[in-house]
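Let's go through this one by asking how each label is earned. Here is the structure to look at.

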Amino acid sequence: MRLSKLTAILLTAAVLGLGAGSVSASEDTELKNEHFSFEGVFGTYDKAAAQRGFQIYQESCSGCHSMSLVAIRNLGDLGAPFYDEEHPNANENPVIKAIAAMFTVTDGPDREGDMFERPAKPFDHFPSPFANEQAARASNGGALPPDFSLLVRAREHGPQYIYSLLTSYEDEAPEGVELRDGMNYNPAFKGGQIGMSPPLFEDLVEYSDGTKASVEQMAHDVVTFMAWASDPKMEERKRMGWMVMIYLFIFALLMYGSYKAVWRDVEH
Ligand code: HEC
């Protein structure tokens with residue numbers, strides 16, 4: 001009897017402890033309740049979606065949004081979109097090398113004190129599209145495209161919010177809403193007006209795995225990628241959480257067994 005109580009307590013603790021980090025369904029009516037593979041206690045990143053999402057980031061978003069905390073080699077780490085069991089060291093992963101080769105970074109200063117450009121290496125961080133905040137604002141009508149590194153975690157209901165933002169643009173603002181110059185109507189954005197023009201449109205990219213590039217699909221994929229970028233250690237953390245719970249459970253059984261053994265001959 002006591003044992004089953006103990007089991008129940010441990011299991012409840014496991015579910016509460018591991019579930020705490022997952023996203024609960026949004027109650028905000030403006031957010032779409034899109035489901036993602038990485039939600040919940042057992043959730044992991046859908047690697048195919050994250051790879052497609054990287055393509056979207058690279059071909060569209062990276063023109064305005066930086067992702068400065070992420071190194072190119074991180075894409076090949078355990079739990080990352082391009083992790084390869086045959087090349088667990090991301091620096092040796094041919095896909096990572098090929099991705100690095102697509103970027104140019106500014107390095108230096110050299111002996112003359114000048115900065116110079118060179119092809120990126122896996123250890124480099126993703127280069128930013130603008131030299132500084134002022135340049136970013138000047139190119140975007142005064143609005144600042146936020147860095148992607150932690151964005152999913154920085155916004156409430158991050159995955160659902162960003163998915164909704166990307167799929168809720170409307171060509172015309174409803175009557176009574178006066179759009180400011182250069183603004184776009186998007187009911188998912190606070191205030192309904194956003195400085196970013198719709199970044200996704202049907203068939204914006206051609207997916208190499210044959211997936212149809214609808215706006216919803218691309219939004220889902222890029223959010224999966226951004227969620228990974230915001231929390232690259234999530235899978236490791238969940239796995240560790242379960243190991244600890246299983247360890248504690250076995251430990252509790254052993255403790256119970258020894259308690260029984262010690263008190264076996266004692267008269268009550
Ligand atoms: C032409 C430049 C440009 C491109 C390309 C672009 N964005 Fe943006 N983005 C912006 C700007 C500017 C803002 C800030 C808007 C504002 O504050 O009004 C922004 C804001 C955002 C936000 C933040 C909203 C918030 O809550 O602050 C998200 C999320 C976002 N963009 C996602 C994306 C994604 C995903 C892509 C690629 C599919 C993308 N953007 C492509 C310019 C761009």
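Q: What makes the pairing of His-65 with the ligand a polar contact?

A: A polar side-chain atom of His-65 lies 2.8 Å from a nitrogen atom of the ligand. A polar contact is a pair of N or O atoms within 3.5 Å (within protein, one must be able to donate a hydrogen and the other to accept it, and residues adjacent in sequence count only if both atoms are side-chain atoms), so the His-65 pair qualifies.

Q: Before we go on, what sort of model is this?

A: This is a predicted model, where local features need pLDDT of at least 70, side-chain atom pairs count only at pLDDT 80 or more, and totals for chains, interfaces and linings use all residues. Residues are numbered from 1 along each chain as its sequence is written, and side-chain values use heavy atoms, with hydrogens and water left out.

Q: Which residues make contact with an oxygen atom of the ligand at 2.8 Å, Arg-155 through its side chain and Gly-195 through what?

A: For Arg-155 it's an N or O atom in the side chain, 2.8 Å from a ligand oxygen. For Gly-195 it's a polar backbone atom, also 2.8 Å from an oxygen atom of the ligand.

Q: What is the make-up of the shell around the ligand, in nonpolar, polar and charged residues?

A: The shell divides into 19 nonpolar, 4 polar and 1 charged. Ala, Val, Leu, Ile, Met, Phe, Trp, Tyr, Cys and Pro count as nonpolar, Asp, Glu, Lys and Arg as charged, and the others, Gly among them, as polar. In total, 24 residues surround the ligand (one of their heavy atoms lies within 4 Å of it), and Cys-61, Cys-64, His-65, Tyr-161 and Met-196 are the closest.

Q: Why is the link between Lys-47 and Glu-235 called a salt bridge?

A: Their closest N and O atoms are 2.8 Å apart. A salt bridge is a side-chain nitrogen of Lys or Arg within 4 Å of a carboxyl oxygen of Asp or Glu, so this pair makes the cut. It links distant parts of the chain, with Lys-47 in helix H2 and Glu-235 in helix H8, 188 residues apart.

Q: Is Glu-235 buried or exposed, and how do you know?

A: Its relative accessible area is 11%. Buried means under 20%, exposed over 50%, partly exposed in between (1.4 Å probe, protein chains only), so Glu-235 is buried. Lys-47, at 27%, is partly exposed.

Q: What makes Arg-237 partly exposed?

A: Arg-237 has 44% relative accessibility, so it counts as partly exposed. Arg-237 forms a salt bridge with Asp-231, at 3.0 Å between the closest N and O atoms, and Asp-231, at 11%, counts as buried.

Terms used:
Helices (H or I, at least four residues) and strands (E, at least two) are DSSP runs, numbered from the N terminus.
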